[in-house]
Every structure is written in structure tokens, then in C-alpha cells.
Amino acid sequence: MSGQFRRNGKIWVRVLADLPITGKPTEVRMGRGKGNPTGWIARVSTGQILFEMDGVSLSNARQAATLAAHKPCSSTKFVQWS
């Protein structure tokens, strides 16, 4: 997505991964806490804005948004603020 902008525009990611996923190794006895963090996730609700773009033309922004929509494999909507 950032390759579409060519130093003209800016991209803001509006989702922050702030929830740790913990897991204990296999064959460890019960007790002694939760375990070490193994990864991070972000809760994304329906209708939440994931990316913001500024400083590019509408056609370049639409092209970058369609390229970015293929990564999460979900239906996306393009919203333009006036």
C-alpha cells in the first residue's frame, strides 16, 4: 500500500495490537501463573476504520485500498471525508 503513494501522501494505521496472548509450554505443571506472552492481537469491531490516507488523489487512494483489502481477506468499504 505504501508503494502507491511515492512520497506524496501519508498513511495512518488506526488499529493497535494491545492484547497479549499468553501460553504455557507443553508438559509444564499446573499453577505458577499464566505463562509468557506469545503474541499480540487487536480487537476490530464491525465498521471500524483501519487505515487513513491523506495527500494523494482519489484514484491512487482507491487503488491502494483495494490492494490492502486483499491482505485481511475481508470485505472492506472505502469512505471519503470531505
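Arg-32 is an exposed residue, with a relative accessible area of 88%. In this predicted model, Arg-32 sits in the loop between β2 and β3, and its phi is near 60°, a positive value in a residue other than glycine. Glu-27 tells a similar story. That residue also belongs to the loop between β2 and β3, and its phi is positive, about 60°, although Glu-27 is not a glycine. The relative accessible area of Glu-27 comes to 84%, and since the cut-off for exposed is over 50%, Glu-27 counts as exposed. As background for anyone scanning backbone torsions, most residues other than glycine have a negative phi.

Stepping back to the overall layout, the protein chain holds one helix and four strands. Read from the N terminus, the order of elements is β-β-β-β-α. Of the 82 residues in the chain, buried ones make up 7%. Ala-61 is one residue that counts as buried, because its relative accessibility is 8% and the limit for that class is under 20%. Ala-61 is placed in helix α1. Its C-alpha atom is 9.2 Å from that of Gly-9, with the two positions 52 residues apart in sequence numbering.

A few other pairs bring separate stretches of the chain together. Asp-54, in strand β4, has its C-alpha atom 6.7 Å from that of Ile-11, and the two residues are 43 apart along the chain. Asp-54 is partly exposed, at a relative accessible area of 46%. Val-44 is in the loop between β3 and β4, and is partly exposed too, with a value of 47%. From Val-44 to Leu-16 the C-alpha separation is 9.4 Å, for a sequence separation of 28 residues. Then there is Asn-36, a residue of strand β3. Asn-36 and Pro-25 are 11 residues apart in sequence, and their C-alpha atoms are 8.9 Å apart in space. With 60% relative accessibility, Asn-36 counts as exposed, given that the class begins at over 50%.

On the electrostatics side, a search of the whole structure turns up one salt bridge. The partners are Arg-14 and Glu-52, whose closest N and O atoms are 2.2 Å apart. This pair ties together distant parts of the chain: Arg-14 is in the loop between β1 (10-13) and β2 (19-23), while Glu-52 is in strand β4, and 38 residues separate them. As a rule, side chains of opposite charge can pair when their charged atoms come close. Here the separation of 2.2 Å falls within the 4 Å that a salt bridge requires, so the pair qualifies. As for solvent, Arg-14 counts as partly exposed at 44% relative accessibility. Glu-52 is in that class as well, at 29%, because partly exposed covers the range between 20% and 50%.

The other items of note concern a pocket and a patch on the surface. The largest pocket contains about 900 Å³ of space. Its lining is made up of 31 residues, and those nearest the centre are Ile-49, Phe-51, Lys-77, Phe-78 and Val-79. By type, the lining divides into 16 nonpolar, 11 polar and four charged residues. Helix α1 provides the largest share, seven residues. Both β4 and α1 (58-69) supply at least two residues each to this lining.

Two of the residues nearest the centre of the pocket, Ile-49 and Val-79, turn up again in a nonpolar surface patch, where they are joined by Trp-81. The patch covers about 340 Å². Ile-49 lies in the loop between β3 (36-41) and β4 (51-54). How exposed is Ile-49? Its relative accessible area is 32%, which makes Ile-49 partly exposed. That value also clears the cut-off of over 30% for patch residues, so Ile-49 can take part in the patch.

Methods
Residues are numbered from 1 along each chain as its sequence is written. This is a predicted model: local features need pLDDT of at least 70, side-chain atom pairs count only at pLDDT 80 or more; totals for chains, interfaces and linings use all residues. Side-chain values use heavy atoms; hydrogens and water are left out. Patches are made of residues with over 30% relative accessible area and no salt bridge: like charges are joined within 9 Å, nonpolar side chains (Val, Leu, Ile, Met, Phe, Trp, Tyr) within 5 Å. Accessible areas come from the Shrake-Rupley method with a 1.4 Å probe; for residues, only the protein chains shown count as cover. A salt bridge is a side-chain nitrogen of Lys or Arg within 4 Å of a carboxyl oxygen of Asp or Glu. Buried means under 20% relative accessible area, exposed over 50%, partly exposed in between (1.4 Å probe, protein chains only). On a 1 Å grid over the protein atoms alone, a cavity is a set of points where a 1.4 Å probe fits but cannot get out, and a pocket is an open set with protein on both sides within 12 Å along at least five of seven lines; lining residues have an atom within 4 Å of a point. Grid points are joined across faces, edges and corners, and a volume is the space filled by probe spheres set on the points. Ala, Val, Leu, Ile, Met, Phe, Trp, Tyr, Cys and Pro count as nonpolar, Asp, Glu, Lys and Arg as charged, and the others, Gly among them, as polar.
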